[in-house]
Amino acid sequence: MTETLQTGDLVRYASGGTALTGTYITERDGMAVVKLDNGYNIGTSPEKIELIERAAPQPPAGAGVVVQNPDLPELAIISTGGTIASRVDYRTGAVTSQFSASDILRAIPELGDIARYRDRQVASILSENMRPALWQELARAVYDEIRHGVSGVIVTHGTDTMAYSAAAVRFMLKTPVPVVFVGSQRSADRPSSDNAMNALCSAAVAAGDLGEVAVVMHATTNDDRCSIHRATRVRKMHTSRRDAFRSMGMAPLGYVDYPSLSVALSDEAVRRGTGEPELHDTLEERCALLNFYPGMPTAVLDAFEGYAGLVISGTGLGHVATEWIPRLRDMIEDGTTVVMTSQCLHGRVCDRVYNTGRDLLAAGVVEGEDMLPEAALVKLMWVLGNEKDPERAGELMQTDLAGEIRRRSSNGL
């Protein structure tokens, strides 16, 4: 290399007969850092790269205003830090989220053919840092936007805890318009990124006929369609695949074909205009989710002493070790509502088949029907935040409030 390289330059890396192209980021400790076209960074000797093309100037985030079509329906985009559109900071190689409607439309201009947009930022966090207080803020923001008169709401969210947040908003909020959670499994700088397609599909759903809270993500590993998942029946089932999200115990509420963006809803999907918006945002945060494993000591339960609620993800039909039962009985007598779910994810808890299950019921443990463990946790927070009578709280946990309990369980096979 004879020319001085600048951040963002298009370069070629050549070594051992192999030639790859990428973007020059920086030089550090005598090594050039290059982001390859596949999205990965390499460090190499500066002598092994050559300049192909100088970087074009990149406008700063927020520069300029994108004109939106006033004749299209208005959607609200509420950001929590997830990436619906992003840009690469070539000084560091990092991907930074865009929060304004103009930024998003510049990154994904096709969105402008679907709707016009308002934007609102509730948080800027990694999704593992989500917490119940932010669920409440998010539900209030969504409710405010619905009261403002938007045709639908898009919530951008990191994928790792998106199912928790979607379920939380669903329990706190009754909505007559679509509320669509969307995220991206792969960042915008990777050729296999799913951010643009997911964003377009979510906008199509938000402008459509749905009338409940849903998660919209890739349905397959191809760029052919997205699934529409009920907020209380969805789970992330893979760490990195683009089709990581699955409806559990039921079929998806519908699909969005891509690139046509045609939306097809199932008969089970709640339709737009069903009821009036309502917000009930009280949560009891002193609740926990515990995954039982063989040999887990009862001393683990000491950590939850004084908690208002505990969801246990038990084995099979909903079991824990026999020696746990007296300790759970004591907790229940002291005021902790204990709900049993299953690690199997498909099927229904039934503690009437084996002696252990019948003993759990006698101790006061509440059967969690076929609820997903994380949905049961969020529901328990909501129920205990709004109902102080333990018996009534137990009844509500066994009542379908937001599509979280199915009358008939799918075998999932």
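This report describes strand pairing and one charged surface patch in a predicted model.

## Pairing around strand β1

Strand β1, residues 10–15, pairs with two partners. With strand β2 (residues 18–28), β1 forms six bridges in the antiparallel sense. Within this pairing, arginine 12 of β1 has threonine 21 in β2 as its bridge partner. The hairpin of β1 and β2 has two residues between the strands, and glycine 16 there adopts a positive phi near 60°.

Strand β5 (residues 49–53) is also antiparallel to β1, and four bridges join the two strands. Here leucine 10 is matched with glutamate 53 in β5. In general, the strands of a sheet pair through backbone hydrogen bonds, in either a parallel or an antiparallel arrangement.

## The parallel sheet

An open sheet is built from four strands in the order β20-β21-β22-β23, with parallel pairing. Its edges are β20 (287–291) and β23 (366–367), each of which pairs on one side only.

At the β23 edge, two bridges connect this strand to β22 (residues 337–342), and the two run parallel. Valine 339 has valine 366 as its bridge partner in β23.

## A negative surface patch

Glu305, Asp330, Glu333 and Asp334 together form a negative surface patch. One of these residues, glutamate 333, belongs to helix α5, which spans residues 324–333.

Glutamate 333 has a relative accessible area of 60% and is therefore classed as exposed, because the cut-off for that class is over 50%.

Conventions
Residues numbered from 1 in each chain as written. Predicted model: local features only at pLDDT ≥ 70, side-chain atom pairs only at ≥ 80, totals over all residues. Heavy atoms only, no water. Patch = residues over 30% accessible without salt bridge, like charges linked within 9 Å, V, L, I, M, F, W, Y side chains within 5 Å. Areas by Shrake-Rupley, 256 points an atom, 1.4 Å probe, with all protein chains shown as cover. Salt bridge = Lys/Arg side-chain N within 4 Å of Asp/Glu carboxyl O. Lys, Arg positive; Asp, Glu negative; His and termini not counted. Charge placed at Lys NZ, Arg CZ, Asp CG, Glu CD. Buried < 20%, exposed > 50% of the residue type's maximum accessible area, 1.4 Å probe, protein only. Pairing = 2+ DSSP bridges.
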